Amino acid sequence: MAEGFDIDHLAKLARLNLTAAEKVLYSSQLTQILGHFQALAKADLPETIDLARVVSESALRSDEPGPVLGAEAVTRIAPASRDGQISVPRVVDDEA
Amino acid sequence: MSSSPSDWEVVIGLEVHVQLHTRAKVFASSPWGFGKEPNEQVDSVVLGLPGTLPVVNREAVEKSILFGLVVGSSVPEQCAWDRKNYFYPDNPKNYQLTQKDFPIVVGGQVEIELPGISRNVMGEHKFVRIHHAHLEEDVGKLSHAGSGSLVDYNRAGVPLLEIVTEPDLRSAAEAEAFLRSLVALLTQAGVADCDMEKGQLRCDCNVSIRRRGAEKLGTRTETKNLNSISSVRDTVIYETARQIRELEAGRTITQETRGWNAELSRGYVLRDKEDAHDYRYFPDPDIPTLRISRETVARLQKLVPESLYDRQRRYVEKLGLPFTAASVLVNDRELAEWFELAVAAHPANPQGIANWVTNDLLRDLAASGAAGALLTDAVPPAVSLASCPIKPAQLAGLVKLTDEGVISKQQAKEVFTEMFKTGQEAVAIVDAKGLRQNSDTGELEKIVQAVIADPAVAKSIAEYRAGNEKAINALKGPIMKRTQGKANPVLIDQLLRKFLG
């Protein structure tokens, strides 16, 4: 983890099956990217919110309900569906 | 040797997720509501389809700020949204929009009231500090069927305010009292409906124990997704007992995420979502940081209602109500305001009005189905005064007639029943039924004199004249009898004293 990350851990978080060659390639690319951010992090800046991105409340939307896609459209773009719901491999969060 | 449970102190912190009262979702215009067919309340922004951008709902922002003002927090100058990344099918975008570093509510406190030693004695009050509250989007709902799971995204994107307390709670009773108070504050300010049966309030409960007097906090466990106040209370009791048992057996507490099985009343370890804590938060590039103007804060400040315990103190101290009546009235803002309108119409007897409201009116409303939940422990109390046939001024009129002795208390019950049925004014019912007590002094004087002349009461008269004040009451019965109960008791008393004086 000399680069500050663990390629196997990142691959697992991203649900990616990487080959040994890809791990080498991506590790080197990620090291470059992180190096860039480390350089940015060395800049002496005050602790503050990025003021260039601050908007006033006029940028908020009003609480008016708009159109919906409908279950038919929602399920059509999913790989699998059943009874108007999207079907996924079983994820367990109930009492084992 | 094992120590007693009282050697241990339990420390509880809560994370309360509340769905805000809005019509559209928090970053999308899709409507939301309970009980719709799956995936019928979803639009392209909720799904995070390419080319869509989230825009924050003003109402969700203002409801969040209003909550902050209700609990006396300082409203920050600006707040920002972050992405919380995780792969789990309850979220279509693979990240949840939430607030990590710059939440919309910072600090504040909630006053709670513990149960008294009996129903008519007020319990101890204390304050529970709010660490912060952040405005995020709710996630979809998973149901598990056989080898697969089904996903309904109707709930995804519903505005969710996550209210995080400091670890200030010290018992199951305090956790319960906190949630009751919080629900009252949220519903009375119109921030949220908090209908737990509809999943509008869900709670994560952090519990640890430590030796009484110890300063260092013990290792905590987090029991997630509790959807009722009783589940929170039961979880605290269960976790406290379990942790004491573990430590006294020489084992250690593992920091873990747990679930609660309400049916079996037991907790269980949640199978770890692998690396679920590695959320890799970063500022959401789609939603700019929001500056909250002081004008908005000032405008919302005006919407903050009197808090329920401030109201309760005012009722007891200024209006002279007994605690029992005050505590019932303040639980429901609509009911309290109804009561106050009645008091405004007849300020002389707030206690009399409170008695009618908390006994007769609530009973009859419950019987008519309008307030069935108020007499039970339902939270929030579901009283609906909109359909109440009696208006506040009408009840005030009834109490006034009783106070002036125009009708007796017994007759007032009859008038109330009729009033609830017909919505008529008390005076009209009294006249129509001929209930008006006789206040004709001339006629009553004759009856009073006739009764005084009756040898049967001579002994009582002698006693009264000898200084026994109470003896005068023996004469009132026969007078009432002769007037068929219609005589004004105040007038009878005056006349008796005049003739015997």
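The paragraphs below lead through a predicted model, beginning with the domains of chain B, passing on to its strands and helices, and ending where chain B meets chain A.

Chain B is divided into three parts: domain 1, which is made of two stretches, 13-208 and 278-299, then domain 2, covering 306-432, and domain 3, covering 441-500. Between the centres of domain 1 of chain B and domain 3 of chain B, taken over C-alpha atoms, there is a separation of 68 Å.

The strands of chain B offer a good place to begin a closer look. Strand β1 of chain B, residues 8-19, runs antiparallel to strand β11 of chain B, residues 201-211, and 11 bridges join the two. Within this pairing, L14(B) has C205(B) of β11(B) as its bridge partner. Strand β11(B) is also joined, by 4 bridges, to strand β12 of chain B, residues 221-226, and these two again run antiparallel. Here C205(B) appears once more, with T223(B) in β12(B) as its bridge partner, so that a reader who starts from L14(B) can step to C205(B) and from C205(B) onward to T223(B).

Elsewhere in chain B, 3 strands form an open sheet in the order β4-β3-β15, with antiparallel pairing. Its edge strands are β4 (95-98) and β15 (282-283) of chain B, each of which pairs on one side only. Strand β3 of chain B, residues 82-85, pairs with β15(B) in the antiparallel sense over 2 bridges, and in this pairing D82(B) stands opposite P283(B).

We turn next to the helices. Two packed helices are described by the angle between their axes and the distance between the axes. For helix α3 (residues 172-188) and helix α4 (residues 229-248) of chain B, the axes come within 8 Å and cross at roughly 160°. Because angles over 145 degrees count as roughly antiparallel, α3(B) is described as roughly antiparallel to α4(B). The crossing of these two helices, α3(B) and α4(B), is right-handed. On the side of α3(B) the contact is made by A172(B), A175(B), E176(B), L179(B) and R180(B), while α4(B) contributes I229(B), V232(B), R233(B), V236(B) and I237(B). Sorted by class, the residues of this contact divide into 7 nonpolar and 3 charged, with no polar residues.

A second pair of helices in chain B is arranged at another angle: the axes of α2(B) and helix α5 of chain B, residues 294-301, come within 10 Å and cross at roughly 65°. That crossing makes α2(B) roughly perpendicular to α5(B), and the crossing is right-handed. E62(B), I65(B), L66(B) and L69(B) of α2(B) make the contact with T296(B), V297(B), L300(B) and Q301(B) of α5(B). By class, this contact of α2(B) with α5(B) has 5 nonpolar, 2 polar and 1 charged residues.

Finally, we come to the contact between the two chains, which takes 48 residues from chain B and 39 residues from chain A. Among the elements of chain B that give two or more residues to the side touching chain A are α2 (58-70), β8 (141-145) and β9 (148-152). The largest share of that side, 5 residues, comes from β9(B), and by class the side of chain B that touches chain A has 20 nonpolar, 17 polar and 11 charged residues. Strand β9(B) also pairs across the two chains, with strand β3 (residues 85-89) of chain A, in the antiparallel sense and over 4 bridges. In this pairing, P89(A) stands opposite G148(B) of β9(B).

Notes. Residues are numbered from 1 along each chain as its sequence is written. Chains are lettered from A and ligands numbered from 1 in the order in which they are written. This is a predicted model: local features need pLDDT of at least 70, side-chain atom pairs count only at pLDDT 80 or more; totals for chains, interfaces and linings use all residues. Two residues are in contact if their C-beta atoms, placed from the backbone, lie within 7 Å. Ala, Val, Leu, Ile, Met, Phe, Trp, Tyr, Cys and Pro count as nonpolar, Asp, Glu, Lys and Arg as charged, and the others, Gly among them, as polar. Two strands pair if DSSP finds at least two bridges between them. Domain bounds come from an automatic or database domain assignment. Axes are lines fitted to C-alpha atoms, for helices over the stretch in contact, and angles run from 0 to 180 degrees between N-to-C directions. Angles under 35 degrees count as roughly parallel, over 145 as roughly antiparallel, 65 to 115 as roughly perpendicular and the rest as oblique. A crossing is left-handed if the near helix is turned anticlockwise from the far one by less than a right angle, and right-handed if clockwise.
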